[in-house]
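Colleague: Got a minute to go through this one with me? I'd like to start with the pocket.

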Amino acid sequence: MAPSRRARARNANREVFGAACVAALLALTPLAASAKKSDRQQIMNTWAKQTNAYNAPNTVTTLTGSVKITQGTMLVTGDVAKLYMDGDQQVSRVVVTGTPGHPAHIQELDENNNLMTGDAATLNYDNINGIAVLTGNAVVVQQCRGEFHGDKLTYDQNTSQITGDTGGDGLVHGVILPKNTTATPVICAKPPTALPVPDNEPVAGKLLPKPAATPAKPAAPAKGH
């Protein structure tokens with residue numbers, strides 16, 4: 001039996017909506033630059049109420065309670081985090097879970113010092129390739145530029161590409177802010193959930209240079225008799 005006129009209309013509407021979602025995803029891509037490439041070369045610092053750590057190849061370190069992880073300008077927070085070490089003894093992956101009302105959180109500055117934040121029930125971060133997968137009430141915000149909401153969002157920090165998936169009858173919602181062409185400064189509708197890590201903070205992964213040694217003063221000449 002041929003599809004009814006109403007069914008054909010519904011299918012057409014779905015195709016139009018799907019195309020609009022793809023267009024929205026593509027439209028956000030040029031609005032942001034990639035994350036700071038230097039962050040991956042910085043020292044990683046971790047804090048937690050409880051730590052079960054292994055500094056050895058192919059191991060998993062577990063952090064529990066008020067977890068905080070920094071690496072360069074990157075900041076990750078949550079309730080429980082698992083750090084996966086690869087065979088080269090490098091942190092290859094970080095999986096963070098939050099609690100109701102306090103989701104897992106990631107933020108990082110891009111090469112233009114613009115802030116990107118992501119929040120979700122679970123964060124799976126590929127530390128080698130710079131890809132963050134946020135699952136469960138996921139939100140990715142590029143401050144003053146746009147944001148996306150969905151059941152699952154994948155953010156590639158190298159290309160700034162965002163892909164979204166949704167379960168059931170839900171939809172991926174995107175918001176793209178227009179470019180400000182007036183002399184009036186744009187005030188962001190939503191401030192970042194946490195401040196970026198200062199570049200001059202030692203725990204951010206940059207070792208501060210040692211102060212130059214002060215040259216000793218020459219001894220005063222002895223007075224003649």
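Modeller: Sure. One term before the pocket: Ala, Val, Leu, Ile, Met, Phe, Trp, Tyr, Cys and Pro count as nonpolar, Asp, Glu, Lys and Arg as charged, and the others, Gly among them, as polar. Also, this is a predicted model.

Colleague: Fine. How do the residues of the lining of the largest pocket divide by type?

Modeller: Nine are nonpolar, nine are polar and one is charged.

Colleague: And how much space lies in the largest pocket?

Modeller: About 390 Å³.

Colleague: Which residues lie nearest its centre?

Modeller: Met44, Gln71, Met85, Gln90 and Val91, out of 19 lining residues.

Colleague: Which elements give two or more residues to that lining?

Modeller: Three strands do: E1 (44–47), E3 (60–71) and E4 (74–85).

Colleague: Switching to the backbone. What is the phi of Asn58?

Modeller: Positive, about 55°, although Asn58 is not a glycine.

Colleague: Where is Asn58 found?

Modeller: In the loop between strand E2 (50–52) and E3.

Colleague: Is Asn58 buried or exposed?

Modeller: Exposed. Its relative accessible area is 61%, and the cut-off for exposed is over 50%.

Colleague: What about the phi of Asn137?

Modeller: Asn137 has a positive phi too, about 50°, and is not a glycine either.

Colleague: Where is Asn137 found?

Modeller: Asn137 is in a strand, E9, which covers residues 131–142.

Colleague: Does Asn137 count as buried or exposed?

Modeller: Asn137 counts as exposed, because its relative accessibility is 69%.

Conventions
Residues are numbered from 1 along each chain as its sequence is written. This is a predicted model: local features need pLDDT of at least 70, side-chain atom pairs count only at pLDDT 80 or more; totals for chains, interfaces and linings use all residues. Side-chain values use heavy atoms; hydrogens and water are left out. On a 1 Å grid over the protein atoms alone, a cavity is a set of points where a 1.4 Å probe fits but cannot get out, and a pocket is an open set with protein on both sides within 12 Å along at least five of seven lines; lining residues have an atom within 4 Å of a point. Grid points are joined across faces, edges and corners, and a volume is the space filled by probe spheres set on the points. Helices (H or I, at least four residues) and strands (E, at least two) are DSSP runs, numbered from the N terminus. Buried means under 20% relative accessible area, exposed over 50%, partly exposed in between (1.4 Å probe, protein chains only).
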